[in-house]
Amino acid sequence: MGMMNSTEAVLDEKAVIAAAERALADVAAVRTEVGKVIFGQEQVVENTMLALLSGGHALLVGVPGLAKTKLVTTLGTVLGLQASRIQFTPDLMPSDILGSEVMDQDENGRRSFRFVKGPVFAQLLMADEINRASPRTQSALLQSMQEYHITVAGQRYDLPAPFHVLATQNPLEQEGTYPLPEAQLDRFLLQVDVLYPELDAERQILLETTGRSEARPREVIVAGRLQEIQSLIRQMPVSDKVVDAILSLVRSARPGHGNATTDKNVAWGPGPRAGQSLMLTARARALYEGRLAPSLDDVYALAEPVLQHRMALTFAARAEGMSVRDVVAGLVKQARG
């Protein structure tokens, strides 16, 4: 293949910038529409959107009643995704998620098996209270998140594209919950903590949601357009400075890599998926905030949602009342210098 001449390079760059500017406008329209239905919680909306724009899955952690489910259904509508929801319960079976084979009989009495697809065949799947199901059922979902296909009775079935899982988890350690294993938590691009709303937002919730009519979201883009934006994000250039910041942040969170605080407090640290997640979500955050290239601020802002579910503290650190968030905040502070 011949070298691209300078005119072609300029045209190519112009085309990329034009595409990025169209994406900026679409993402801004999505933000506005979601804001009509979800009040406050800007950080939660932003991080959940970043997971979707980056083509990944997110785990939303918060006590019940903080509009996690409402956020997911709203995003499904606004992004034009075909959505479905599974309420996880202790007696949920893998076939309840994946689907199962049923036997059909035709008029001649011939019998044959037919596969009936389960709720996992959606573009946006809400997995409500994922830690309530047994590990066997969780792993059925988590395998589909990783591989984008399922296998039933030896037959492979591809999941729709795009395929995103937004799972919710209740942080209250109740009886009958099974915490997700570490390797499965790593499948989530981001962990998004959902906190109680600010006073003004809560006032708005009270006024807007208890009247006769409630705001309904409308579709802003279609699934195909979301895929185009996801592909564009992967083409956004990342400067060496930002790549170096990602590497040094992720590596500083691993014990045995020269960071004294980490050595003292961290039992095990994040693997390479953490760096990949930062590379993608930093670009998505730039686009979400109206910029065409990610900065160091994007990396540091995403450190907590990317790292917190990919590392664990030592028993001593937990006994002292430390949290993973404290450790990540400390690492970011060191990195900022």
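How many aromatic pairs does the structure hold? There are 3 of them, counting rings of Phe, Tyr and Trp (its six-membered ring) whose centres lie within 6.5 Å. Before we zoom in: this is a predicted model, where local features need pLDDT of at least 70 and side-chain atom pairs count only at pLDDT 80 or more, while totals for chains, interfaces and linings use all residues. Residues are numbered from 1 along each chain as its sequence is written, and side-chain values use heavy atoms, leaving out hydrogens and water.

**View A. Phe115 and Tyr157 form a stacked pair.** Their ring centres are 4.1 Å apart and their planes meet at 20°, so the pair is stacked (planes under 30 degrees apart; over 60 is edge-to-face and the rest tilted). Phe115 sits in strand S4 (residues 111-117) and Tyr157 in strand S7 (residues 155-158), so the pair ties together parts 42 residues apart in sequence. Strands (E, at least two residues) and helices (H or I, at least four) are DSSP runs, numbered from the N terminus. Both residues are buried, meaning under 20% relative accessible area, with exposed over 50% and partly exposed in between (1.4 Å probe, protein chains only). Ring pairs also link Phe115, Phe121 and Tyr157 into a cluster.

**View B. Tyr148 and Phe163 meet edge-to-face.** Here the ring centres are 6.1 Å apart, with the planes at 90°. Tyr148 belongs to the loop between helix H5 (135-147) and strand S6 (149-152), and Phe163 to the loop between S7 and S8, 15 residues apart. Tyr148 is partly exposed, at 34% relative accessible area, whereas Phe163 is buried at 2%.

**View C. An open sheet of 5 parallel strands runs in the order S2-S5-S8-S1-S9.** Strands pair if DSSP finds at least two bridges between them. At the edges, strand S2 (83-87) and strand S9 (190-193) each pair on one side only. Between strand S5 (residues 124-128) and strand S8 (residues 164-169) there are 4 bridges; one of the partnerships is Ala127 with Ala167.

**View D. Helix H9 (residues 240-252) has a buried side.** With 13 residues at 1.5 Å each (times one less than the residue count), H9 should span 18 Å, and its end C-alpha atoms are 18 Å apart, which agrees. Val242, Ala245, Ile246, Leu249, Val250 and Ser252 are buried. They cover an arc of only 165° around the axis (using directions from the axis to C-beta atoms), which puts them on the same side of H9. Among the elements covering them are helix H10 (260-265) and helix H14 (324-336).

Definitions and conventions
Contact means heavy atoms within 4.5 Å.
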